[in-house]
Amino acid sequence: MDLFSAIDTEPIRQRMEQLVSELDKLNYEYYMNDRSLVSDQEFDSMMRELQDLERQYPELASPLSPTKRVGGEVNKSFKQVTHRFPMLSLGNTYSIEEIEEFEARTRRLLDGEEFSYTCELKYDGVAIGLTYRHGQLVQAVTRGNGTVGDDITTNAKTIATIPLRLRGDFPDDFEARGEVVYPFEAFEAMNRQREAEGDEPFANPRNAASGSLKLQDSAECAKRKLQFCMYFMMAPDGIALPDTHFVRLEYARQMGFKVQPYIKECRDITEIKAFIDHWDKARWDLPFGIDGIVIKVNQTPLWDRLGLTAKSPRWAIAFKFKAERVSTPLESISYQVGRTGVITPVANLKPVWLGGTTVKRATLVNADFIEKMGICSGDNLLIEKGGEIIPKVVGVDLEQRKAGAMPIQYITRCPECGSLLVRAEGEAGHYCPNSDGCHPQIIGRLEHFVGRRAMNIESLGPERLELLYSADLVRNVADLYDLRREQLVGLGADATIQDKGADNLLSALEASKQVPFERVLFALGIRYVGEVGAKKLARYFKNIDALMAASEEELAQVEDVGEVTARAVAEWFANDEHRAIVERLRAAGLQMTGKWQMATGVLEGMTLVVSGVFEHFSRDEIKADIENHGGKVSGSISGKTTYLVAGEKMGPEKLKKAERLGVKILTETEYLEMTGR
């Protein structure tokens, strides 16, 4: 008999069930009703206890445990699943006249039967179906082609507004359908983070939501803060559901689903049109994207009488809003050179009001895009926002085209250094190969190197870097560490740098030599290597020598480092000039070996937000210190925040939010005491 079989696990099982039940209730109140029934510390303590018990007794863990919300399971492939009930498409129209025809046809087919309509928002997201049996989520499947979709159950469990187990009264077997949306606030926060890490921002919330659901690591999906908006339920024969769609949605809300409140029962075409008119204007005030209105016959027994076409139900139709589109003159095209040499053409437009903002510029992407659009000099361009965050060029206003207009000829030479542009096989963009002689590339790499998330050399802003470059003192990042006081004092047309400025700059450079290896690696500006990727590479290879010696195959073994990034890293270190820069930085005293011995685990399992100015730390230092004691640093306060570490000059908004959510606030002194100083 082994040790485990000798232990009475019944009390443990009961405690785990109790924790699951209590945490489910707390999650429901927080995400559905915006209420915190306990402090975040109490919540986190219960969650940690459950996680510890699940690790110790995995065979007793529930597949519907709230610990699944944080993800962690890796899915290398998504199994194809045939839908029990086909996911039909709705008939779409942009015409009010067609909505009037739909309404008249419905009345004619129902021949005097009394009925109403349910009008609701058409979410701009990703449609999925959720199967529940005996009140528990058993499967989540994407729409796919309507007949077959992908099983995304693991990732769906990380979405807080998808109930893992239902509340109150519920059918034994049914499917809930809805849309996974990416709320604007979370989407914009994710894009800011991606840009800070050197990654391309997502184009729009819908595509980002779709990609998030197909992430192999469910923990990454959990970070995206997606929402599920439920809009439909259906059940097999023998399972009774309410006989109006409106009541079914209310029933779903009572079961624990997030059913948005923007629903109205309408009696006739006049009320339907009023609902459409209202949301055509009010949609810009919503926290997520919509692209239209869905109108359904409310009385579900009438659906069978109305029937289906080959692809769509006759008892429902979608009115799609026209994306906001304006025509405005193209005044000129600028060609921007990035720090990696990639050329980005940008349309300079006559300012125009669109979707709540004034638009002056829009990207033209690359040469292929300009050719595909057929853009000519002097054209008026059509600009749309629709569900996009960033305005985009969607075409040319041909009615405004002047006679004899000539197609845009894409540049062949770098607008900055005159080098002949190169277009690598398989890549859409042109780039300037003169990395060591092209001014924007050099300045861009220097700005990236000294940035706050990289080497954090605050004394070197863009103007000073330009000054050092113009004086021929700095051409690459290693040159910064060769600067001498006598070179700096009096530098500039008006002696911009004086004694104190020179001393501060040199002190900042000296202090940067303590920046940890992972940030040094990020600061080098290797293409595709963002802040997170640099940390993964640094911790995997431990030091610069092992990283420089790694093959593409070895690099690709690192978590979240794909083939493209692996190739870029290998090619960067294969360049003799880059290796020489690394050796000069090493000789200057920069950290080329990782140091990850955790000081204590006193903050293990806690999430801390840092705000304000501190006496003993810079902002980055206190964040690193939190991680060094086992804690997690977050940029925003939520119900999951354990502590707000408050320094001087902290913004009042964060303080108000912390107080409203009951987040405990630590002074710098209290933080030092907590971590044993």
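**Notes on the strands, helices and cores of this model**

1. Leu382 faces Gly395 of β16 across a strand pairing. That pairing links β15 to strand β16 (residues 392-396) through four bridges, and the two strands run antiparallel. On vocabulary, two strands count as paired if DSSP finds at least two bridges between them; helices (H or I, at least four residues) and strands (E, at least two) are DSSP runs, numbered from the N terminus.

2. Before going further, a word on provenance. This is a predicted model, in which local features need pLDDT of at least 70 and side-chain atom pairs count only at pLDDT 80 or more, while totals for chains, interfaces and linings use all residues. Residues are numbered from 1 along each chain as its sequence is written, and side-chain values use heavy atoms, with hydrogens and water left out.

3. Back to β15. Strand β15 (residues 380-384) has five of its five residues buried, where buried means under 20% relative accessible area, exposed over 50%, and partly exposed in between (1.4 Å probe, protein chains only). Asn380, Leu382 and Glu384 sit on one side, Leu381 and Ile383 on the other, and both faces are covered. β15 also pairs with strand β12 (residues 325-337), antiparallel, over five bridges; there, Val326 has Ile383 as its bridge partner.

4. The largest nonpolar core has 57 residues, and the members touching the most others are Phe449, Leu480, Tyr481, Leu537, Phe573 and Leu585. Such a core is a set of buried Ala, Val, Leu, Ile, Met, Phe, Trp, Tyr and Cys residues joined through side-chain atoms within 4.5 Å. Elements giving two or more residues to this core include α12 (439-450), α15 (499-511), α17 (531-541), α20 (563-574) and α21 (576-588). Another core, of 37 residues, lies apart from it, with Leu130, Tyr182, Leu249 and Tyr251 among its members. As background, nonpolar side chains tend to be buried together in soluble globular proteins.

5. What does Phe449 touch, not counting residues up to four places away in sequence? The list is Ala454, Met455, Ile457, Val477, Leu480, Tyr481, Ala523, Leu585 and Leu590, with contact meaning heavy atoms within 4.5 Å.

6. Helix α3 passes a length check: at 1.5 Å a residue, its 15 residues (96-110) should span 21 Å, and the end C-alpha atoms are 21 Å apart, which agrees. The expected span is 1.5 Å times one less than the number of residues. Ile99, Phe102, Glu103, Thr106 and Leu110 are the buried residues of α3. They fall within an arc of 95° seen down the axis, so they line one face of the helix; that arc is taken from the directions from the helix axis to the C-beta atoms. Their cover includes β3 (117-123), α9 (269-282) and β10 (290-297). Just after α3, Asp111 has a positive phi of about 50°.

7. One open sheet has four strands in the order β5-β4-β7-β8, with antiparallel pairing. Because β5 (136-142) and β8 (227-234) are at the edges with a single partner strand each, one side of each has no neighbour in the sheet. Strand β4 (residues 126-133) pairs with β5 over six bridges, and Arg133 is opposite Gln136 in β5. Helix α6 (residues 205-213) lies across β4 and β7 (173-181), at about 40° to β4. Here axes are lines fitted to C-alpha atoms, for helices over the stretch in contact, and angles run from 0 to 180 degrees between N-to-C directions.

8. A second open sheet also has four strands, ordered β18-β17-β19-β20, with parallel pairing. The average twist is 35° from one strand to the next. Helix α22 (residues 619-628) packs on the sheet, touching β17, β18 and β19, and its direction makes about 170° with that of β17. In strand β19 (residues 643-646), Tyr643 and Val645 point one way and Leu644 and Ala646 the other, all of them buried. Ser611 is opposite Ala646 in β19, while Tyr643 has Lys664 of β20 as its bridge partner.

9. Last, Lys654, which lies in helix α23 (residues 652-661). Is Lys654 buried, exposed or partly exposed? Its relative accessible area is 27%, so it is partly exposed. Beyond its neighbours within four places in sequence, Lys654 contacts Val609, Val610, Ser611, Gly635, Ile637 and Leu644. The C-alpha atoms of Lys654 and Ser636 are separated by 8.2 Å, with the residues 18 apart along the chain.
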